[in-house]
Amino acid sequence: MGNSKRIIAISGSIRKGSSNTNVLKTLAAFIPENIDYNIYNGIQELPHFNPDIDRIQAPTAVEDFRKTLAEAHALIICTPEYAKGVPGVLKNALEWLVSSAELYKKPVAVITASPSITGGDKAHESLLLTLGMLDVTIVQNGSVLISSVGTKFNKDATVTDEQTKQGLISLIHGILQELHD
Ligand SMILES: Cc1cc2nc3c(=O)[nH]c(=O)nc-3n(C[C@H](O)[C@H](O)[C@H](O)COP(=O)(O)O)c2cc1C
């Protein structure tokens with residue numbers, strides 16, 4: 001484990017039974033076994049971002065989050081769209097990283113999954129803007145919008161739609177390419 005590459009995944013949904021978390025679980029099937037792949041479940045523990053608190057002493061949950069990302073070699077985010085934007089819990093988590101810069105130039109892939117045929121594009125675009133502000137490296141094929149997510153995955157974290165499967169495999173290849181460079 002010591003020298004192995006680490007990929008951290010974050011779901012923008014903290015809901016039990018989340019379709020986005022299910023997509024992240026699906027990805028494990030496409031990641032080689034010698035790579036450490038974990039879904040970080042702590043973003044709901046983060047307090048609301050406040051630069052005043054950060055200046056004095058970052059809360060423990062924030063330190064844990066920053067350490068996890070500092071030790072990761074790549075990040076994959078999969079998020080729903082809420083009210084035509086990025087879920088507050090995910091945006092809040094990213095705000096904690098702006099000044100500490102754990103994601104600076106780090107390889108990142110972004111998936112937005114929506115149950116509707118047309119949904120998700122606003123959150124996707126907005127998330128990419130925020131990640132641009134954090135100066136991450138979006139990997140090749142690392143931006144995937146999944147519509148009608150409920151029809152493309154089984155509840156046991158398998159992808160049933162071939163086109164979606166190929167998109168996810170390409171996304172993982174994009175990440176792996178950055179890890180080997
Ligand atoms: C308050 C609320 C707002 C939502 N807004 C949107 C939206 O703007 N666009 C969209 O595609 N889906 C929207 N949805 C539907 C979510 O995408 C859907 O509930 C999804 O399953 C949440 O992701 P999860 O399964 O990973 O928890 C909204 C759902 C809720 C409860």
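A residue counts as near the ligand if one of its heavy atoms lies within 4 Å of it. This is a predicted model, in which local features need pLDDT of at least 70, side-chain atom pairs count only at pLDDT 80 or more, and totals for chains, interfaces and linings use all residues. Residues are numbered from 1 along each chain as its sequence is written, and side-chain values use heavy atoms, with hydrogens and water left out.

**View 1. The shell around the ligand.** The ligand has 14 residues around it. Ser13, Ser18, Ser19, Glu81 and Ser114 come nearest. By class, the shell holds four nonpolar, seven polar and three charged residues (nonpolar: Ala, Val, Leu, Ile, Met, Phe, Trp, Tyr, Cys and Pro; charged: Asp, Glu, Lys and Arg; polar: the others, Gly among them).

**View 2. Polar contacts to the ligand.** A polar contact here is a pair of N or O atoms within 3.5 Å. Ser13 places a polar side-chain atom 2.7 Å from a ligand oxygen atom. The side chain of Glu81 has an N or O atom 2.7 Å from a ligand nitrogen atom. At Ala83, a polar backbone atom is 2.9 Å from a nitrogen atom of the ligand. The protein buries 66% of the 620 Å² that the ligand exposes when taken alone (Shrake-Rupley method, 1.4 Å probe).

**View 3. Helices H4 and H5.** Helices are DSSP runs (H or I, at least four residues), numbered from the N terminus. The axes of H4 (residues 88–95) and H5 (residues 121–133) come within 11 Å and cross at roughly 10 degrees (lines fitted to C-alpha atoms over the stretch in contact; angles run from 0 to 180 degrees between N-to-C directions). H4 is therefore roughly parallel to H5 (angles under 35 degrees). Leu90, Lys91 and Leu94 of H4 meet Leu127, Thr130 and Leu131 of H5 (contact: heavy atoms within 4.5 Å). Four of these residues are nonpolar, one is polar and one is charged.

Key: Polar contact = N/O pair within 3.5 Å; in protein donor to acceptor, adjacent residues only side chain to side chain. Helix = DSSP H or I, 4+ residues; strand = E, 2+ residues; numbered from the N terminus. Parallel < 35°, antiparallel > 145°, perpendicular 65-115°, else oblique.
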